[in-house]
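Here is my note on the structure you sent, as numbered points. It takes the two chains in turn and then the ligands.

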Amino acid sequence: MQVNGEFKPKIVAFCCNWCSYAGADLAGNNRLNYPAEVKIIRIPCSCRLNPMFILRAFQRGADGVILCGCHPGDCHYTTGNYYARRRMTLLFSMLDYLGIERERTRVEWVSAAEGAKFAATMNDFVQTVTKLGENRRLEDLRCKK
Amino acid sequence: MQEVKQKAIELLQSGKVQRVLGWKTGEFFYDLTPAVFETVEEIKKDFVFSPFCGANLSKYLIAESRKEGKIAAFLKPCDSYSFVQLLKEHRIVRENVHVVGVQCNGMCDIEAIKAQGVKGVTAVRQEGETLVCETLYGEKSVPYAAALSERCKTCKSKKIVLFDELLGENGEDDPDCGRFDLVSKLEAMTAEERFAFWQQELSRCIRCNACRNVCPACSCEKCVFDNDTLGTANKAAANSFEEQNFHIIRAFHVAGRCTDCGECSRVCPQHIPLHLLNRKFIKDTNELYGEYQAGADLETRPPLVDFTQDDCEPSVVYTRGGNGK
Ligand code: SF4
Ligand code: SF4
Ligand code: SF4
Ligand code: FES
């Protein structure tokens with residue numbers, strides 16, 4: 001998205017309800033800044049993230065998609081994030097294989113106590129995606145207004 | 001190849017099975033289609049086993065094995081992997097199937113034959129290392145190896161994993177088949193080159209769903225792509241998103257379960273190299289989570305329904321393979 005001639009990326013952050021979502025809350029409570037471009041979608045566990053959600057986000061205009069979940073070993077459902085880890089690794093590798101910039105996707109483990117990490121992660125990710133520019137390779141023109 | 005037909009008749013006559021799953025001629029002699037035979041007469045009339053029996057019969061057993069009575073199925077080595085994988089996923093009623101393993105010398109592709117400059121082919125037969133083609137313009141010979149379909153040129157294994165009886169001899173795995181060579185080549189390209197390559201390939205897709213329909217791993221009762229609101233159900237693409245979406249997700253859904261049987265690429269009317277997507281996942285899982293061959297046995301856990309505590313993080317992708325930018 002161009003705002004006053006400046007590129008502002010749209011970022012979708014899928015956050016696990018039990019950790020990163022609370023982490024985002026904590027970041028807010030502590031008045032830690034992270035860019036408003038980050039739109040959070042709450043999911044019940046990192047392994048709820050269907051690969052199609054990610055593609056869908058890109059289709060609808062996201063420039064970057066990040067998944068945040070509980071640290072390995074701390075998943076509320078014991079093993080969900082272990083499965084998510086394998087799936088995302090393979091999916092990201094496939095996106096890369098198709099020539100889609102691999103820095104547009106990321107996974108980060110953020111606990112409910114890590115408000116600062118949440119903010120830092122988002123700042124860093126937004127910066128990376130801003131450098132990459134607009135998502136052109138996975139866009140759907142019909143969804144662009 | 002009369003042996004196979006003879007066996008089909010024998011099995012039916014002896015009452016050992018009530019039906020036989022095999023191949024019969026479709027539109028053209030090289031276009032063989034799977035068929036179920038219930039009488040000896042039908043078999044005598046229509047049953048064919050030829051170098052064009054590429055079609056994998058395993059998937060048909062999902063429905064056929066649930067019917068009454070026993071069915072005999074002829075499985076080539078690659079088909080037997082799919083069969084075992086389906087058994088593993090509890091999709092086939094094993095008691096109702098009598099598996100006849102058939103030795104395989106590789107299946108031919110009419111396009112490969114045409115590429116050798118042979119036109120107007122009306123029949124073929126294998127004679128040792130050559131394929132003799134009867135054509136409208138007289139007999140022509142091509143080396144058998146040159147007439148092979150893509151998947152048979154890079155066949156991972158000639159081993160029939162599971163069978164009740166065997167016609168011919170059982171073969172072995174071929175670790176040097178080179179099936180990942182092209183994947184490695186793509187990985188070594190730049191992201192731009194890869195994107196251009198896939199654009200060129202995937203934009204030809206007409207979204208006919210043949211690749212999904214034929215795939216033994218794609219046997220979901222309800223498929224995500226049968227969804228009109230998804231925008232992937234037809235070829236009215238505004239740009240490349242739908243194809244990318246379809247191809248990424250299709251390959252992803254079969255990751256860890258795809259036996260690399262090659263059916264998807266074989267049936268694609270647009271000759272899209274779908275195997276290069278499937279093999280990417282196979283190569284990745286092999287490299288990151290240990291060697292795994294879907295359908296090779298009934299016990300091991302597929303990589304995507306398994307994990308270890310010290311699996312690599314998704315960020316390995318940023319540093320692995322290719323030069324990225
Ligand atoms: S994806 Fe293709 S190669 Fe893999 S099992 Fe399905 S049809 Fe066979
Ligand atoms: S594409 Fe996915 S949902 Fe559709 S049949 Fe294949 S595995 Fe099932
Ligand atoms: S068979 Fe080929 S053309 Fe048809 S949907 Fe699959 S990739 Fe596309
Ligand atoms: S509950 Fe947070 S990742 Fe599973």
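1. Contacts in chain A. Among the contacts of chain A with a separation of 6 or more, 79% join residues that are 24 or more positions apart. This is a predicted model, and the figures below should be read as such.

2. Fold of chain A. Four helices and six strands make up the secondary structure of chain A. Read from the N terminus, the elements follow the order β-β-β-α-β-α-β-α-β-α. The radius of gyration of chain A is 15 Å, close to the 15 Å from the globule rule for 145 residues, so chain A is as compact as a globular protein of that length. The C-alpha trace of chain A spans about 40 × 35 × 20 Å along its principal axes.

3. Surface of chain A. Of the 145 residues in chain A, 56% are buried. Chain A exposes about 6000 Å², and carbon and sulfur atoms supply 49% of that area.

4. Confidence. The predictor assigns the complex an ipTM of 0.93 and a pTM of 0.93. For chain B the mean pLDDT is 92, with 95% of the residues at 70 or more.

5. Fold of chain B. Chain B contains 14 helices and eight strands. Its radius of gyration is 21 Å, which agrees with the value near 20 Å for a compact globule of 325 residues. Along the principal axes, the C-alpha trace of chain B spans about 60 × 50 × 40 Å.

6. Burial and contacts in chain B. Buried residues account for 53% of the 325 residues in chain B. Of the contacts in chain B with a separation of 6 or more, 67% are between residues 24 or more positions apart. The exposed area of chain B is about 14700 Å², of which carbon and sulfur atoms supply 51%.

7. Backbone at B:H90. Most residues other than glycine have a negative phi. B:H90 is not a glycine, yet its phi is positive, at about 60°. B:H90 sits in the loop between helix 4 (77-88) and strand 4 (97-102) of chain B. Is B:H90 buried or exposed? With a relative accessible area of 67%, B:H90 is exposed, because the cut-off for that class is over 50%.

8. Backbone at B:N209. B:N209 also is not a glycine and has a positive phi, of about 70°. The residue belongs to the loop between helix 9 (191-202) and helix 10 (210-214) of chain B. The relative accessible area of B:N209 is 13%, so B:N209 is buried, the cut-off being under 20%. B:N209 is also one of the residues that come nearest to ligand 3.

9. Ligand 3. There are 13 residues around ligand 3, and those that come nearest are B:C205, B:C208, B:N209, B:C211 and B:C268. By class, this shell holds nine nonpolar, three polar and one charged residues.

10. Ligand 1. The residues surrounding ligand 1 include B:C215, B:C258, B:C261 and B:C264. B:R250, B:D260 and B:E263 are also among them. The shell of ligand 1 divides into six nonpolar, three polar and three charged residues.

11. Ligand 2. Around ligand 2 are B:R212, B:C218, B:C220, B:C223, B:V224, B:F225, B:H253 and B:R257. These divide into five nonpolar, one polar and two charged residues.

Notes
Residues are numbered from 1 along each chain as its sequence is written. Chains are lettered from A and ligands numbered from 1 in the order in which they are written. This is a predicted model: local features need pLDDT of at least 70, side-chain atom pairs count only at pLDDT 80 or more; totals for chains, interfaces and linings use all residues. Side-chain values use heavy atoms; hydrogens and water are left out. A residue is near a molecule or strand if one of its heavy atoms lies within 4 Å of it. Ala, Val, Leu, Ile, Met, Phe, Trp, Tyr, Cys and Pro count as nonpolar, Asp, Glu, Lys and Arg as charged, and the others, Gly among them, as polar. pLDDT is the predictor's confidence in each residue, from 0 to 100. Helices (H or I, at least four residues) and strands (E, at least two) are DSSP runs, numbered from the N terminus. The radius of gyration is taken over C-alpha atoms; the globule rule is 2.2 Å times the number of residues to the power 0.38. Buried means under 20% relative accessible area, exposed over 50%, partly exposed in between (1.4 Å probe, protein chains only). Contact means heavy atoms within 4.5 Å. Accessible areas come from the Shrake-Rupley method with a 1.4 Å probe; for residues, only the protein chains shown count as cover.
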